[in-house]
Amino acid sequence: MAENVSIEILYKLQKIDSDLGKLEKQIAEFPEAIKEIETEIEKAKNALDERHEQLKKLQLKHKEQEVELRTQETKISEAKDKMFKVKTNQEYHALQKELEIMRNEKEGVEDGILSVLEEMEGFEKEMRRNDKGLSDFKSQKEREIKKLKAELEDMPKRIEQLKAEREQLKSQLPKELADLYERLLAYRASVAIVTVIDGVCQGCNMAIPPQLYNLVLRNESVYTCPSCQRILYPVELLHVESA
Ligand SMILES: [Zn+2]
């Protein structure tokens, strides 16, 4: 294969310009991505806070039930005391009936306490699991944010480096080639140089004429695609490079 330094420089230039394009896109997108992750964390935290709030309500209900139970017990023991002081059978039976009602009520309160305790136990187990889940989720997401922020912070420096490299490469090109490259970059969606695979331009997917393809493969000069005008880079050069 004949020596064609220009095409290699152009190929490197395109690589740099593609990287620059990616970096600029990321600079625009990363802050939004970071915000989205922060919102995700916030949402997960709020959902869990809500469950904690529900648990608190349940705990409060349990406390109220305990108070109710003690009230009920006091009433029962007062009724029992009264039974020693009654004078008539009638009064005695009336009190007995009252006491039975109170005992039934007390049983009802106790059943309520048991079911709330059971619910609380399940709840607390769930919360322990969820708290652990949230803290894992949060640290994973925070690592993601940290990574994005670090990359973002590094970007201006990387862009500057790439731009310097770009200028250095461009200065090695004949002026008309450098100008052609810049024109194509501006008018061909930031892709000025494309590979040719089996005679097909990878920029526009058109087959190039066989005699032109042969010239491209001989790589003695720089050729452009008749349909999209982009500079053609024979993919065989890549194979040589990676060998
Ligand atoms: Zn083309």
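**Notebook: helix packing and selected residues**

I began with the pair H1 and H3: the axes of helix H1 (residues 5-83) and H3 come within 12 Å and cross at roughly 35°. The model I am reading is a predicted one. I noted the handedness next, and H1 passes H3 in a right-handed crossing.

I then looked up which residues form this contact. On the H1 side I listed Ser6, Leu10, Leu13 and Asp17, which meet Leu177, Tyr181 and Leu185 of H3. Sorted by class, the contact of H1 with H3 has five nonpolar residues, one polar and one charged. I recall that an α-helix has 3.6 residues a turn, so residues three or four places apart point the same way.

**Helix H3 itself**

How many residues does H3 have, and how far does it reach from its first C-alpha to its last? I found 13 residues, 175-187, and a reach of 18 Å, close to the 18 Å expected at 1.5 Å a residue. Following H3 I came to alanine 189, where phi is positive, near 50°.

**Domains**

I consulted the domain assignment, which gives domain 1 as 27-164 and domain 2 as 175-242. Between the C-alpha centres of domain 1 and domain 2 I recorded 66 Å.

**The start of H1**

Valine 5 is found in helix H1. Is valine 5 buried or exposed? I entered valine 5 as exposed, because it has 9 other C-beta atoms within 10 Å and the limit for that class is 12 or fewer. I also checked a partner remote in sequence: glutamate 220 is 215 residues from valine 5 along the chain, yet their C-alpha atoms are 9.3 Å apart in space.

**Two residues of H2**

I turned to helix H2 (residues 89-170), where glutamate 91 has its place. Glutamate 91 has 13 other C-beta atoms within 10 Å and is therefore partly exposed. I paired glutamate 91 with threonine 39, 52 residues apart along the chain, and the separation of their C-alpha atoms is 69 Å.

Leucine 169 is also found in helix H2. Which residues does leucine 169 contact, leaving aside its neighbours within four places in sequence? I listed Ile9, Lys12 and Leu13. For one of these, lysine 12, I noted the C-alpha separation from leucine 169: 8.0 Å, with the two positions 157 residues apart along the chain. Leu13 appears in my earlier entry as well, among the H1 residues that meet H3. As to exposure, leucine 169 has 19 other C-beta atoms within 10 Å; burial requires 20 or more, so I entered leucine 169 as partly exposed.

**Positive phi in the loops**

I looked up two residues other than glycine with positive phi. Asparagine 205 has phi near 65° and is found in the loop between strand S2 (200-201) and helix H4 (210-218). Because asparagine 205 has 10 other C-beta atoms within 10 Å, I recorded this residue as exposed.

Glutamine 229 has phi near 70°, again a positive value in a residue other than glycine. I located glutamine 229 in the loop between H4 and strand S3 (231-234). Why is glutamine 229 entered as partly exposed? I counted 16 other C-beta atoms within 10 Å of glutamine 229, which falls between the limit of 12 or fewer for exposed and 20 or more for buried.

Note on methods:
Residues are numbered from 1 along each chain as its sequence is written. This is a predicted model: local features need pLDDT of at least 70, side-chain atom pairs count only at pLDDT 80 or more; totals for chains, interfaces and linings use all residues. Helices (H or I, at least four residues) and strands (E, at least two) are DSSP runs, numbered from the N terminus. The expected span of a helix is 1.5 Å times one less than its number of residues. Domain bounds come from an automatic or database domain assignment. Axes are lines fitted to C-alpha atoms, for helices over the stretch in contact, and angles run from 0 to 180 degrees between N-to-C directions. A crossing is left-handed if the near helix is turned anticlockwise from the far one by less than a right angle, and right-handed if clockwise. Two residues are in contact if their C-beta atoms, placed from the backbone, lie within 7 Å. Ala, Val, Leu, Ile, Met, Phe, Trp, Tyr, Cys and Pro count as nonpolar, Asp, Glu, Lys and Arg as charged, and the others, Gly among them, as polar.
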